[in-house]
Amino acid sequence: VQLQASGGGLVQAGGSLRLSCAASGRTFSRYAVGWFRQAPGKEREFVSLIGWSGFSISYADSVKGRFTTSRDNAKNTVYLQMNSLNPEDTAVYYCAAGRIPTMNPAEYDYWGQGTLVTVSS
């Protein structure tokens with residue numbers, strides 16, 4: 001499975017962005033997908049996850065109520081809708097695919113290259 005994250009950019013505080021994670025491979029629909037982010041000088045942190053069927057969904061407390069993840073297995077794509085962005089959301093965002101929906105990045109087998117989100121105040 002190869003992953004390609006896109007949709008990042010520069011946005012003002014309070015704005016919105018939608019990230020996409022496009023995957024190659026026929027078995028993508030069998031994988032859970034997690035979103036993680038890494039801000040400058042900080043460790044990579046969990047943002048959200050979605051199970052292979054779309055029913056298992058979880059968010060980090062810091063984004064709960066503002067971010068929404070979804071998937072379209074017919075398009076081999078997972079989305080992260082980000083609303084009410086604030087400067088603390090500035091980071092490189094990565095999508096990852098794994099067999100188990102988990103907040104632990106070590107459990108994911110495949111990673112995208114990351115897309116930069118910058119939120120200005």
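Is glutamate 45 buried, partly exposed or exposed? Glutamate 45 counts as partly exposed, because its relative accessibility is 35%, a value between the 20% limit for buried residues and the 50% limit for exposed ones. The structure discussed here is a predicted model, and glutamate 45 offers a convenient point of entry to it.

The side chain of glutamate 45 meets that of arginine 37 in a salt bridge, with a distance of 2.6 Å from N to O. The general principle is that side chains of opposite charge can pair when their charged atoms come close. Arginine 37 is located in strand β4. In contrast to its partner, arginine 37 is buried, because its relative accessible area is 5%, and a residue under 20% is classed as buried.

Arginine 37 has a further partner of this kind. Its side chain and that of aspartate 89 also meet in a salt bridge, here with an N to O distance of 2.9 Å. Aspartate 89 belongs to the loop between β8 (77–82) and β9 (91–98), whereas arginine 37 is in strand β4 (residues 32–38), so this pair ties together parts that are 52 residues apart in sequence. Aspartate 89 counts as buried, because its relative accessibility is 1%. Both pairings also appear as polar contacts between side chains: arginine 37 with glutamate 45 at 2.6 Å, and arginine 37 with aspartate 89 at 2.9 Å.

These pairings form part of a wider arrangement. Arg37, Glu45, Arg66 and Asp89 are linked in a network of salt bridges. The surroundings of arginine 37 include other residues as well: when residues up to four places away in sequence are not counted, arginine 37 touches, among others, Val47, Ser62, Phe67, Ala91 and Tyr93.

How many salt bridges does a search of the whole structure find? The search finds four. One of them lies between lysine 64 and aspartate 61, whose closest N and O atoms are 3.1 Å apart. Aspartate 61 counts as exposed, because its relative accessibility is 65%.

The discussion now turns from charged residues to nonpolar ones. In soluble globular proteins, nonpolar side chains tend to be buried together. In this model, the largest nonpolar core has 33 residues, of which Trp35, Phe67, Leu80, Met82 and Tyr93 touch the most other members. Strands β1, β3, β4, β5, β8, β9 and β11 (115–120) each supply at least two residues of this core. The strand that gives the most is β9, with five residues.

Strand β1 (residues 2–6) shows how a strand can present two faces. In a regular strand the side chains alternate between the two faces of the sheet. Along β1, Leu3 and Ala5 point to one face and are buried, while Gln2, Gln4 and Ser6 point to the other and are not buried.

The pairing of strands can be followed from β1 onwards. Strand β1 runs antiparallel to strand β3 (residues 17–24), and five bridges join the two. Within this pairing, serine 6 stands opposite serine 20 in β3. Strand β3 is in turn joined to β8 by six bridges, and these two strands also run antiparallel. Here alanine 22 stands opposite threonine 77 in β8.

Two serines provide a contrast in setting. Serine 48 lies in strand β5 (residues 45–50). Serine 48 counts as buried, because its relative accessibility is 0%. Apart from neighbours within four places in sequence, serine 48 is in contact with Val33, Gly34, Trp35, Ser58, Tyr59, Thr69 and Leu80. Two of these contacts, Trp35 and Leu80, are among the core residues named above as touching the most other members.

Serine 121, by comparison, lies in the segment after β11. Serine 121 counts as exposed, because its relative accessibility is 88%. Apart from neighbours within four places in sequence, serine 121 is in contact with Ala13 and Pro87. The C-alpha atoms of serine 121 and glutamine 12 are separated by 6.2 Å, although these residues are 109 residues apart along the chain.

Terms used:
Residues numbered from 1 in each chain as written. Predicted model: local features only at pLDDT ≥ 70, side-chain atom pairs only at ≥ 80, totals over all residues. Heavy atoms only, no water. Helix = DSSP H or I, 4+ residues; strand = E, 2+ residues; numbered from the N terminus. Buried < 20%, exposed > 50% of the residue type's maximum accessible area, 1.4 Å probe, protein only. Contact = heavy atoms within 4.5 Å. Pairing = 2+ DSSP bridges. Polar contact = N/O pair within 3.5 Å; in protein donor to acceptor, adjacent residues only side chain to side chain. Core = buried A, V, L, I, M, F, W, Y, C linked by side-chain atoms within 4.5 Å.
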